[in-house]
Amino acid sequence: MTKQEFIALYQEKMNLSSKKESETLVNGFFSTLEEILVKGEELSVIGFGKFEVTTQSARTCRNPKTGEQMQVPEKKVVKFRVGKSLAEKVAK
């Protein structure tokens, strides 16, 4: 599903009058989530899941094309852990 398809579905589900209004709400949610994660904080929604920032440690890997070993530096990554309620619904 694309973002535009999601916005149209959201408009239908929330019974919003215009696509522009639903797009504003969806974009507002994503930008707020982005701000939270950039600060290094987490967002937990009971039953849905948890968005968090973790640090992936530095490691040595191999370039598959040349076979040369290379060092990958430490970096921050976003992780999502699904909540129990959502996991049960998806599993059905």
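Here are three short exercises with worked solutions on this predicted model.

**Exercise 1: the sheet**

Work out in which order the three strands of the open sheet lie, and which of them stand at the edges.

*Solution.* Start with the pairing. Strands of a sheet pair through backbone hydrogen bonds, in a parallel or an antiparallel way. In this model the pairing is antiparallel and the order reads E1-E2-E5. Next, look at the ends of that order: strand E1 (43-45) and strand E5 (75-82) each have a single partner strand, so one side of each has no neighbour in the sheet. Finally, follow the twist, which averages 30° from one strand to the next.

**Exercise 2: from one pair to the helix**

Find how many bridges join E1 to strand E2, and which helix packs on the sheet.

*Solution.* Take the strand pair to begin with. E1 and E2 (residues 49-56) are joined in the antiparallel sense by three bridges. To place one of them, pick Val-45: its bridge partner in E2 is Gly-49. Now turn to the helix. Helix H2 (residues 19-38) packs on the sheet and touches E1, E2 and E5. The direction of H2 makes about 40° with that of E2.

**Exercise 3: a nonpolar patch**

List the residues that make the nonpolar surface patch, then decide whether Phe-6 is buried, partly exposed or exposed.

*Solution.* The patch covers about 510 Å² and is made by Met-1, Phe-6, Leu-9, Phe-29 and Phe-30. Helix H1 (3-14) and H2 each supply at least two of its residues. Phe-6 lies in H1. Its relative accessibility is 34%. Buried means under 20% and exposed means over 50%, so Phe-6 counts as partly exposed.

Note on methods
Residues are numbered from 1 along each chain as its sequence is written. This is a predicted model: local features need pLDDT of at least 70, side-chain atom pairs count only at pLDDT 80 or more; totals for chains, interfaces and linings use all residues. Side-chain values use heavy atoms; hydrogens and water are left out. Two strands pair if DSSP finds at least two bridges between them. Helices (H or I, at least four residues) and strands (E, at least two) are DSSP runs, numbered from the N terminus. Axes are lines fitted to C-alpha atoms, for helices over the stretch in contact, and angles run from 0 to 180 degrees between N-to-C directions. Contact means heavy atoms within 4.5 Å. Patches are made of residues with over 30% relative accessible area and no salt bridge: like charges are joined within 9 Å, nonpolar side chains (Val, Leu, Ile, Met, Phe, Trp, Tyr) within 5 Å. Accessible areas come from the Shrake-Rupley method with a 1.4 Å probe; for residues, only the protein chains shown count as cover. A salt bridge is a side-chain nitrogen of Lys or Arg within 4 Å of a carboxyl oxygen of Asp or Glu. Buried means under 20% relative accessible area, exposed over 50%, partly exposed in between (1.4 Å probe, protein chains only).
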